[in-house]
Amino acid sequence: MLDVRPVGYIIGLLVAVIGLAMLAPLALEVALRTPHWRPFAEGAIVTVLTGALVALACRGESRHGLTIRQSFLLTTGTWIVLPFFGALPLMIGAPHANLTDAYFEAMSGFTTTGTTVFVGLDDLPQGTNLWRAMMNGMGGLGIVIVAMIFLPVMRVGGMQFFRSEGFDTLGKVLPRAIDIAGALLRLYIVLTVTFIVIFRMLGLSAYDATVMALSSVSTGGFSSYDDSFARFGPGPQWAAVVFMIIASTPFIRYIQLVRGDPTPLWRDVQVRAYLRWLFYAVMLVFLYRTLVSGAPVVQTLQESAFNVVSLFSGTGLTTADASSWGQFPLTVVILAGLVGGCTSSTGCSIKVFRFLILFQAIRSQILRINSPHAMHPVRLEGRVVDSDVLNSVILFFTIFMLSLGVLTLGLSVCGLHFRTAMTAAWTAIANVGTVYGPEVEASGAVAGFPRTAKWLMTFGMLLGRLELIAVFVLLMPRFWRG
């Protein structure tokens with residue numbers, strides 16, 4: 001029988017931390033002298049007490065680390081439970097959302113998807129928009145920790161390829177995981193503060209700079225305005241492009257850089273491929289729009305760069321409607337969103353390294369056909385990719401595409417236009433944040449979607465953020481019996 005007490009202890013502590021985090025928007029509303037501090041006070045009390053009681057009930061059962069099965073349960077359980085408590089202030093206070101909408105918004109925040117069900121963001125209390133951005137920020141940090149500590153050990157989607165970098169963290173080497181998490185937390189805070197300072201220097205208010213910095217560093221995409229990032233000038237937009245690129249490249253490389261070793265960052269095959277592909281995608285969209293529409297060159301380059309980088313990294317902030325650019329640019333950004341950022345970053349979707357392994361596997365297979373008696377091992381970063389990693393990557397691609405198709409079908413059955421259903425499934429599983437279709441609000445919100453469609457998208461966001469297999473394994477009866 002699976003012992004869930006160690007999992008309950010950690011989740012309880014995390015829930016209590018979420019409750020304490022509500023004090024930030026509470027303090028903002030108190031400083032603004034508005035009555036909107038009350039929902040955060042009530043939410044904080046309920047959340048801290050619940051988390052503390054669960055942690056106390058399970059205390060003393062996590063001294064020897066976590067087993068693989070407990071790690072699967074912890075990873076998925078965290079992203080199921082935390083959005084529920086994150087949704088409390090959205091239900092208690094403005095916008096007084098129902099459970100479906102509040103949980104959708106919180107799941108979108110913690111998974112750093114960035115799709116919103118709320119229309120009229122400009123009119124929401126500042127504390128509410130700050131809380132939405134904070135959920136982005138906490139989710140972004142959480143997924144980097146999971147990607148670097150848990151997924152490699154759980155052998156999810158080929159992530160075991162990165163175990164050789166010293167992230168074997170279960171059992172007796174749990175202190176190593178704590179060291180990694182601490183280093184990531186410090187780096188994440190430094191990046192966030194840096195982004196805030198630069199946005200402030202470029203003219204944003206302290207409030208806007210904080211919200212946009214949290215959305216950028218997490219590649220989460222929540223904005224406090226219905227027009228997303230469009231109201232800010234060229235300076236902040238170009239800064240955000242750089243920030244989104246930084247946030248979607250491997251954080252471990254920045255830790256190594258800070259410690260005086262820049263070589264891994266420059267030599268990382270993921271980083272080089274990601275920057276190349278970003279450049280190609282931006283240039284394709286820019287040249288198409290310039291040649292076909294004759295739009296102003298500078299404005300077109302700025303719009304193309306911002307929106308392509310945003311969708312490639314999975315951030316979802318926008319300055320223009322990419323669906324109005326034509327079929328070819330829209331196809332480019334959808335494909336870019338399927339690729340996503342680098343492993344061990346806050347970026348999302350399939351990830352660059354899996355595509356690199358897939359391309360190398362295809363190349364190896366072609367060489368074997370031409371030279372059946374020669375050895376053609378699959379290599380990445382000079383290392384041979386063993387069959388276990390290769391099989392995991394191929395399995396991930398298969399499950400990802402099947403899930404995308406099934407979710408598209410389910411959303412279509414809910415009554416959505418096929419284009420809406422397809423891009424809603426894409427944005428949910430790839431955690432991109434942008435939906436295109438006739439049922440989508442002008443602001444990009446999906447407020448008018450049927451309730452069932454929202455729950456399907458919520459499940460899709462959970463699947464995509466946790467690399468699918470980490471969720472599906474919990475649905476197997478054998479997991480609970482073993």
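Reader: Which residue forms a salt bridge with Arg155?

Author: Side chains of opposite charge can pair when their charged atoms come close. The cut-off used here is a side-chain nitrogen of Lys or Arg within 4 Å of a carboxyl oxygen of Asp or Glu. In this structure Arg155 pairs with Asp388, and their closest N and O atoms are 2.1 Å apart. The pair links distant parts of the chain, 233 residues apart: Arg155 is in the loop between α7 and α8, and Asp388 is in helix α17 (residues 387-413). Helices are DSSP runs (H or I, at least four residues) numbered from the N terminus.

A word on the source: this is a predicted model, in which local features need pLDDT of at least 70 and side-chain atom pairs count only at pLDDT 80 or more, while totals for chains, interfaces and linings use all residues. Residues are numbered from 1 along each chain as its sequence is written, and side-chain values use heavy atoms, leaving out hydrogens and water.

Reader: Is Arg155 buried or exposed?

Author: In between! Buried means under 20% relative accessible area, exposed over 50%, and partly exposed lies between them (1.4 Å probe, protein chains only). Arg155 counts as partly exposed because its relative accessibility is 41%. Asp388, at 28%, is also partly exposed.

Reader: How many salt bridges does the structure hold?

Author: There are ten. One of them joins Arg231 to Asp122, with 2.8 Å between the closest N and O atoms. Arg231 lies in the loop between α9 and α10 (234-247) and Asp122 in the loop between α6 (99-110) and α7, so this pair ties together parts that are 109 residues apart in sequence. Arg231 has a second partner to look at, Asp227, at 3.2 Å between the closest N and O atoms. Through shared partners, Asp122, Asp227 and Arg231 become one network. Arg231 is partly exposed at 42%, and so are Asp122 at 35% and Asp227 at 31%.

Reader: Which residues lie nearest the centre of the largest pocket?

Author: Rolling a probe the size of a water molecule over the atoms shows where empty space is left. On a 1 Å grid over the protein atoms alone, a pocket is an open set of points with protein on both sides within 12 Å along at least five of seven lines; a cavity is a set where a 1.4 Å probe fits but cannot get out, and lining residues have an atom within 4 Å of a point. Here, Leu14, Leu141, Gly142, Ile145 and Ala181 are nearest the centre, out of 37 lining residues. Helices giving two or more residues to that lining are α1 (5-21), α4 (68-86), α7 (126-154), α8 (174-201) and α9 (206-217). The pocket holds about 1100 Å³, a volume being the space filled by probe spheres set on grid points joined across faces, edges and corners.

Reader: What classes of residue line the largest pocket?

Author: The lining has 27 nonpolar, ten polar and no charged residues. Ala, Val, Leu, Ile, Met, Phe, Trp, Tyr, Cys and Pro count as nonpolar, Asp, Glu, Lys and Arg as charged, and the others, Gly among them, as polar. In the second largest pocket, of about 530 Å³, the lining has 13 nonpolar, 14 polar and six charged residues. Ser443 is among the residues nearest the centre of that pocket, and it lies in the loop between α18 (418-429) and α19 (451-465).

Reader: How many cavities does a search of the whole structure find?

Author: Three of 30 Å³ or more. The second largest has about 50 Å³ of space, and α7 gives four residues, the largest share of its lining.
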